[in-house]
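Trainee: I would like to take a close look at a single part of this model and then see how that part sits within the whole chain. Could you take me through it step by step?

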Amino acid sequence: MDMVNVVQVGKVSAVDEAKRMVRVIWPASGETSGWLYVLQQSEIWLPKINEAVLVIYQPVEDGDGFVVGRIT
(Lines give C-alpha, C1' and ligand atoms only; values in the text may rest on other atoms or scores of the structure.)
Protein backbone atom coordinates (compact mmCIF):
# COMPACT_ATOMS: atom_id res chain seq x y z
CA MET A 1 0.00 0.00 0.00
CA ASP A 2 1.16 3.52 -0.78
CA MET A 3 1.90 5.24 2.56
CA VAL A 4 0.32 8.44 1.21
CA ASN A 5 -3.08 6.75 1.42
CA VAL A 6 -2.79 5.53 5.03
CA VAL A 7 -4.50 8.66 6.42
CA GLN A 8 -7.28 10.25 4.37
CA VAL A 9 -10.23 12.61 4.69
CA GLY A 10 -13.48 11.71 2.97
CA LYS A 11 -17.23 12.32 3.05
CA VAL A 12 -19.61 9.68 4.40
CA SER A 13 -21.84 8.26 1.66
CA ALA A 14 -23.60 5.40 3.49
CA VAL A 15 -24.17 4.32 7.10
CA ASP A 16 -24.94 0.83 8.47
CA GLU A 17 -26.06 1.53 12.05
CA ALA A 18 -26.44 -2.13 13.00
CA LYS A 19 -22.83 -2.94 12.09
CA ARG A 20 -21.43 0.51 13.08
CA MET A 21 -19.83 0.85 9.64
CA VAL A 22 -19.77 3.54 6.95
CA ARG A 23 -18.70 4.02 3.35
CA VAL A 24 -16.76 7.14 2.35
CA ILE A 25 -16.31 9.04 -0.92
CA TRP A 26 -12.78 10.31 -1.58
CA PRO A 27 -13.24 13.86 -2.95
CA ALA A 28 -10.06 13.89 -5.05
CA SER A 29 -11.00 10.79 -7.07
CA GLY A 30 -14.76 10.47 -6.54
CA GLU A 31 -14.23 6.79 -5.64
CA THR A 32 -16.11 5.15 -2.78
CA SER A 33 -14.45 3.11 -0.05
CA GLY A 34 -15.50 -0.32 1.10
CA TRP A 35 -17.29 -0.60 4.43
CA LEU A 36 -15.21 0.94 7.24
CA TYR A 37 -15.54 0.35 10.97
CA VAL A 38 -16.19 3.40 13.14
CA LEU A 39 -13.95 3.40 16.21
CA GLN A 40 -15.76 3.66 19.53
CA GLN A 41 -15.62 7.08 21.10
CA SER A 42 -16.38 7.93 24.73
CA GLU A 43 -19.96 8.26 23.52
CA ILE A 44 -21.80 6.15 20.97
CA TRP A 45 -21.33 8.04 17.72
CA LEU A 46 -21.85 7.35 14.05
CA PRO A 47 -21.13 9.96 11.40
CA LYS A 48 -23.95 11.24 9.23
CA ILE A 49 -24.11 11.16 5.43
CA ASN A 50 -22.02 13.99 3.89
CA GLU A 51 -20.07 14.48 7.13
CA ALA A 52 -16.29 14.78 6.65
CA VAL A 53 -14.33 12.11 8.55
CA LEU A 54 -10.72 11.09 9.14
CA VAL A 55 -9.93 7.54 7.98
CA ILE A 56 -6.82 5.51 8.82
CA TYR A 57 -5.92 2.36 6.90
CA GLN A 58 -3.61 -0.41 8.05
CA PRO A 59 -0.41 -0.01 5.98
CA VAL A 60 -0.66 -3.41 4.27
CA GLU A 61 -2.10 -4.56 0.95
CA ASP A 62 -5.92 -4.64 1.26
CA GLY A 63 -5.72 -3.55 4.93
CA ASP A 64 -8.85 -2.63 6.82
CA GLY A 65 -9.72 1.02 7.33
CA PHE A 66 -11.22 2.74 10.34
CA VAL A 67 -13.06 6.03 10.82
CA VAL A 68 -11.40 7.70 13.81
CA GLY A 69 -13.46 10.88 14.00
CA ARG A 70 -15.24 13.70 12.26
CA ILE A 71 -13.59 16.77 10.74
CA THR A 72 -15.24 19.99 11.86
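Trainee: In which loop, between which two strands, does Ser33 lie?

Mentor: The model is a predicted one, and in it Ser33 belongs to the loop that links strand S2 (21-25) with strand S3 (36-38). Although Ser33 is a loop residue, its relative accessibility is 4%, and because buried means under 20%, Ser33 counts as buried. Once the neighbours within four places in sequence are set aside, the residues in contact with Ser33 are Arg23, Val24, Trp26 and Tyr57. Of these partners, Tyr57 takes us to strand S4, which covers residues 52-57, and that strand deserves a careful reading of its own.

Along S4 the side chains alternate between two faces: Val53, Val55 and Tyr57 point to one face and are buried, whereas Ala52, Leu54 and Ile56 point to the other and are not buried. Tyr57, the residue that is in contact with Ser33, thus belongs to the buried set of this strand.

S4 also has pairing partners on record in the model. Strand S1 (residues 7-16) runs antiparallel to S4 and is joined to it by five bridges, and within this pairing Gly10 has Val53 of S4 as its bridge partner. Strand S5 (residues 65-70) likewise pairs with S4 in the antiparallel sense, over five bridges, and here Leu54 stands opposite Gly69 of S5. Val53 and Leu54, which point to opposite faces of S4, therefore each give us a reference point: Val53 for the pairing with S1, and Leu54 for the pairing with S5.

The loop between S3 and S4 offers a contrast to the setting of Ser33. Ile44 is found in that loop, and with a relative accessible area of 72% Ile44 is exposed. The C-alpha atoms of Ile44 and Leu54 are separated by 17 Å, the two residues being 10 apart along the chain. Asn50 lies in the loop between S3 and S4 as well, and Asn50 is exposed, its relative accessible area being 56%. The backbone of Asn50 has a positive phi of about 75 degrees, although Asn50 is not a glycine. Another residue of this kind is Arg20, also not a glycine, with a positive phi of about 55 degrees; Arg20 is placed in the loop between S1 and S2.

Stepping back to the whole chain, the secondary structure consists of five strands and zero helices, in the order β-β-β-β-β along the sequence. The radius of gyration is 11 Å, which agrees with the value near 11 Å that a compact globule of 72 residues would have. Taken along the principal axes, the C-alpha atoms fill a box of roughly 30 × 20 × 20 Å. Ser33 is one of the buried residues, and for the protein chain as a whole 31% of the 72 residues count as buried.

Among contacts between residues at least 6 apart in sequence, 43% join residues at least 24 apart. The chain exposes about 4,700 Å², of which carbon and sulfur atoms supply 53%. As for charge, the mean positions of the 6 positive and 9 negative charges are 10 Å apart.

Methods
Residues are numbered from 1 along each chain as its sequence is written. This is a predicted model: local features need pLDDT of at least 70, side-chain atom pairs count only at pLDDT 80 or more; totals for chains, interfaces and linings use all residues. Side-chain values use heavy atoms; hydrogens and water are left out. The radius of gyration is taken over C-alpha atoms; the globule rule is 2.2 Å times the number of residues to the power 0.38. Buried means under 20% relative accessible area, exposed over 50%, partly exposed in between (1.4 Å probe, protein chains only). Contact means heavy atoms within 4.5 Å. Accessible areas come from the Shrake-Rupley method with a 1.4 Å probe; for residues, only the protein chains shown count as cover. Lys and Arg count as positive and Asp and Glu as negative; His and the chain ends are not counted. The place of a charge is taken as NZ of Lys, CZ of Arg, CG of Asp or CD of Glu. Two strands pair if DSSP finds at least two bridges between them.
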